[in-house]
Amino acid sequence: MSGVTTQISSVKKTTTVHLLNTLVVLTQDRPDFLRRTLQYYRDWTGPVLVLDSSRDRDSGIETRFAGVTYRHLPEFTESAKLAVRVHGVEQVQTPYLTFINDDDFIDADAMGECVAFLQDNPGYGFSYGYSLSYRATGNQVDFFRRDKKIREDFNDARAQDRVQSAMDAFLSPSHAVIRTELLRHWYRSIPADINEQWQEIGCAWYLFASAMGRILPIPYAVHECAGAPARNKAQFLAALSNQDPISRAARESFADFLASMSRQALGHDSASARQFVLDSFATLANSLRIDSGSAHELIVESNWKSPLTGPVRRFGVNQYVELPFYNQAFFDKLSHIEFLIGALPAGNVQLSELEGVWVQQEQLLRQHANDTPETITGRLWKALDINVFNTEVVAQLATQLEKLNESQEAGSLSVWLQHLEAVGTVDRHRMLRTTASGQLLDWLQARQPQDAEVALANAHLTQAGGAPQFGILLLDLDDDMDKLQVTLDSLVEGACKSFKVAVFTTGEPPVSTSIQNTLHFVKVTRSNYVEKVNQIARQMSCDWLLLAQAGDQFVSSGLLRAALELQDAEGVRAVAADEIQRLPHGALKDVFRPGFNLDLLLRVPALMARHWLVRKDVMLDAGGYSPDFLGALEFDLLLRMIEKGGLAGLAHLAEPLLIVDAAQLEDNGDERQALQRHLAALGYKAQVSSTMPGSWQIDYRHTERPLVSVILQSQDNLAQLQRCVTAVLQRTRYTRYELLIVDNNSQSPDVHQWLEREEQQNKRIRVLRSEQTLSASALINTASQHAEGEYLMLLSSEGEVVNPNWIDALLNQAMRPEVGAVGAKLIDRQNRVTGAGLILGMNDGVGSAFVGQAKDAPGYLRRLLVEQNYCAVSLACLMVRKELFNAVGGLDEEQFAHAYADVDLCLKLGQHGFLTVWTPQVHVLHSGEPADAPQALAALQEKWHDAFAHDQAYNRNLALSGTGFTLAPATSVDWAQLTA
């Protein structure tokens with residue numbers, strides 16, 4: 001009985017100390033964190049006060065956590081965190097309180113010990129223990145050493161000694177158990193405009209100056225890792241030691257405030273007290289620099305691999321047994337924390353990692369027509385191995401095991417499921433739908449045809465003479481039957497049945513087949529598979545060929561849509577479709593390609609050359625795949641097709657065919673060699689280089705050095721003109737250019753004097769003067785007639801060239817015979833993009849994507865970093881061959897006198913078969929602001945109706961709003977229109 005009595009006494013004592021301490025939980029706009037935290041403190045028998053400064057009330061808190069006092073404080077949403085603390089401390093009725101962040105786990109027993117210590121030692125104002133840090137990723141929790149072993153009893157009689165000792169080896173008491181009146185006095189006194197760093201420093205300083213403090217040798221808390229500990233440390237050091245006038249004034253002002261609060265405790269006059277505070281700041285700064293009390297070192301990696309066992313922990317090389325964490329009781333508490341982190345995920349880092357996990361699990365949960373109980377169970381075990389906290393997976397697996405009479409394992413999983421449900425599991429389907437992968441899955445689901453639509457499409461194809469036959473060349477070079485089954489299942493379950501599959505496997509074929517079978521296995525080796533692929537391609541009775549890998553999944557609607565589109569596609573030689581890619585951690589991203597884009601293909605073949613549908617006769621005529629380019633089979637084939645037949649008949653289908661592993665953007669030697677071979681075949685002695693893996697730059701090494709006429713306009717804009725001209729003259733490496741300034745009847749004497757002086761002093765400059773005011777288009781047309789250069793460089797006088805090789809880089813593209821116009825990347829002085837090629841229909845007009853992004857950001861499909869073709873580029877910087885400019889009639893002075901003449905010019909060049917190239921190698925400072933000319937825009941839309949209906953440089957499945965290149969809302973395919 002004595003043991004029972006002791007246990008009851010211990011419970012009563014724990015309950016008593018809990019009742020004396022209020023947990024004040026601070027949260028804002030993080031409901032998932034809050035609910036997990038409150039679940040953790042569910043057994044706390046004392047008061048819990050939630051201060052929620054979110055805009056929206058969390059109505060579920062009071063229902064689910066009945067013992068919690070929930071205060072919704074939207075009036076503090078825009079306030080500093082200090083304001084919430086000031087408000088909260090006044091609400092506390094207990095003698096002690098502990099501030100808790102919504103992502104922290106402070107041990108209830110440890111807080112109880114701290115309360116008991118303070119009860120027994122009235123001279124102490126606060127107490128706490130040692131802490132770890134944690135970082136939660138998808139399936140793993142990493143623990144870091146946060147505190148070092150330091151002096152634990154700050155019991156000096158003199159306040160100065162306590163402060164100095166605390167600052168010398170600093171462990172912040174911000175989450176300690178603190179006497180309420182002591183903290184209330186602090187928050188009633190603190191300046192309202194104090195920043196977060198000074199608030200924490202000042203509160204700690206005040207506590208040590210006002211009372212004794214005790215660090216108990218116990219594990220106290222596990223705090224979430226701030227995203228960048230080094231950055232947080234730097235912010236504190238900046239406040240404490242920066243010597244600029246503003247920082248020094250703020251520091252001295254705060255020192256005066258602390259001295260005034262603590263002068264009696266310090267026993268100094270105001271000047272001496274102030275100096276002591278400043279000296280203690282210097283001590284704290286040094287402590288932070290050398291990390292005398294703090295650390296950030298990974299010591300444990302933990303992964304919960306099985307519901308039938310606890311977490312599996314991997315300990316780092318360095319362990320610190322002087323700290324009080326190394327006992328089974330504490331590791332059991334860590335297990336509880338890890339369980340809650342896994343069962344109730346929260347935070348962008350963890351959720352972004354789980355995005356891919358949930359996608360993989362959702363795929364494994366799908367059932368197939370040829371499934372058996374054993375295949376379903378096998379996939380469910382795989383899903384459980386990926387993440388053990390998915391209740392849907394656990395429930396389904398337990399049910400399947402019961403069906404297979406595996407009662408013991410089924411029972412264990414049922415117990416695990418009960419544990420998960422007891423803490424209030426999250427709706428993973430809902431959470432997945434908030435991610436990019438979930439939205440993409442919804443988008444794909446919306447495009448899946450219904451049975452009636454499939455029947456309608458197939459009837460239409462039959463009536464028109466039958467569907468095109470697709471030959472799927474499927475590489476299984478790793479002999480992976482599981483991956484192979486994924487691909488075959490997706491084909492069988494797809495809407496299109498007009499295909500034959502040849503599997504090239506390094507393993508033993510499971511059955512004997514022939515070329516006449518729908519599924520034909522071909523035994524290959526890694527050294528001869530290309531030869532075998534070409535051989536089978538010649539023998540297959542099909543119209544179109546597609547090369548894929550085992551594990552690639554065919555999208556249900558893809559081949560059916562392709563069959564309908566290609567049935568009457570006379571002259572089409574090859575088609576690039578869209579695709580969905582799986583990232584290494586399982587998340588999905590869309591790869592929605594533009595219409596055929598030669599320059600983008602040449603620069604990023606890993607993203608642009610895969611999974612083309614190629615007409616069989618075209619492939620064979622080009623010689624099939626080459627074993628000399630194993631790492632770039634499709635890219636090399638496409639290049640040979642272009643060499644043989646030009647750019648005609650290369651099309652794009654805005655529909656994903658496949659879900660595949662993400663392309664490896666790496667330094668691929670086969671890609672480089674294939675590209676060099678292609679350029680040599682075209683007659684170039686080009687140099688291919690790469691500044692980032694997976695992307696290529698081409699120096700065509702043109703031998704000619706043509707004269708370039710740089711055309712600028714002036715019209716009472718002296719300051720702009722001076723900046724522009726100075727930049728051209730000082731930053732242009734290319735020597736064969738003239739600077740033709742055409743003045744549009746300026747009225748300013750200063751402009752005329754400056755132009756006259758510049759023309760006299762610099763032989764490069766010529767000035768044309770118009771005695772009447774002309775439109776911008778007319779002015780450029782006039783200048784073009786007087787230009788002596790073979791190439792016109794139309795440059796806005798509002799712009800400022802940045803890089804010295806700007807003309808060289810533009811000529812590198814413009815001198816290609818297939819190119820009509822070349823444009824540049826426009827940026828602002830903060831190195832943000834203001835223009836990167838023009839897109840028709842963007843934001844209901846003509847606009848640029850990526851506006852506002854960093855100059856060096858990659859952009860969608862790396863499209864901010866590589867040359868590519870657009871329908872149009874901006875007149876802010878546009879190079880065009882003079883001969884072509886004249887051939888298409890120059891700029892339209894009637895309809896587009898003041899706006900959109902650049903778009904019209906590029907579209908006219910395109911109509912004559914010439915490409916418009918945008919290059920990121922040339923940067924021009926320019927606002928890039930779109931024209932506000934509704935009448936000209938309407939005229940442009942009417943004249944180029946088809947181009948506006950679908951800009952070939954963009955993708956129909958992407959939104960034409962905002963900064964562009966985001967997934968458009970989910971819409972179904974118009975199957976009725978396709979079969980009309």
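Here are four short exercises with worked solutions on this predicted model.

Local features need pLDDT of at least 70, side-chain atom pairs count only at pLDDT 80 or more, and totals for chains, interfaces and linings use all residues. Residues are numbered from 1 along each chain as its sequence is written, and side-chain values use heavy atoms, with hydrogens and water left out.

**Exercise 1. Find the span of helix α16 and compare it with the expected span.**

Step 1. Helices are DSSP runs of H or I with at least four residues, numbered from the N terminus. Helix α16 covers residues 407–422, which is 16 residues.
Step 2. The expected span is 1.5 Å times one less than the number of residues. For α16 that is 22 Å.
Step 3. From first C-alpha to last, α16 reaches 22 Å, close to the expected value.
Step 4. Look just past the helix. Gly424 follows α16 and has a positive phi, near 80°.

**Exercise 2. Sort residues of α16 into buried and exposed, and explain the pattern.**

Step 1. Buried means under 20% relative accessible area, exposed over 50%, and partly exposed in between (1.4 Å probe, protein chains only).
Step 2. The buried residues are Ala410, Leu413, Trp416, Leu417 and Leu420. They lie on the same side of α16, because they cover an arc of only 120° around the axis. The arc is that of the directions from the helix axis to the C-beta atoms.
Step 3. Recall the general rule. An α-helix has 3.6 residues a turn, so residues three or four places apart point the same way.
Step 4. Now turn to the face away from the buried side. Exposed Gln408, Gln418 and Ala422 sit there.

**Exercise 3. Trace what the buried side of α16 packs against, then follow Val394.**

Step 1. The partners of the buried residues are α12 (328–343), α14 (373–386) and α15 (391–403).
Step 2. Val394 belongs to α15. Its relative accessible area is 0%, so Val394 is buried.
Step 3. Contact means heavy atoms within 4.5 Å. Leaving aside neighbours within four places in sequence, Val394 touches Leu384, Val388, Leu413, Trp416, Leu417 and Leu420.
Step 4. Take the pair Val394 and Leu417. They are 23 residues apart in sequence, yet 6.4 Å apart in space, C-alpha to C-alpha.

**Exercise 4. Describe Asn831 and Tyr900, two non-glycine residues with positive phi.**

Step 1. Asn831 has a phi of about 60°. Its loop runs between β29 (819–827) and β30 (833–835); strands are DSSP runs of E with at least two residues.
Step 2. At 39% relative accessibility, Asn831 is partly exposed.
Step 3. Tyr900 has a phi near 70°. Its loop joins α32 (882–887) and α33 (901–911).
Step 4. At 9% relative accessibility, Tyr900 is buried.
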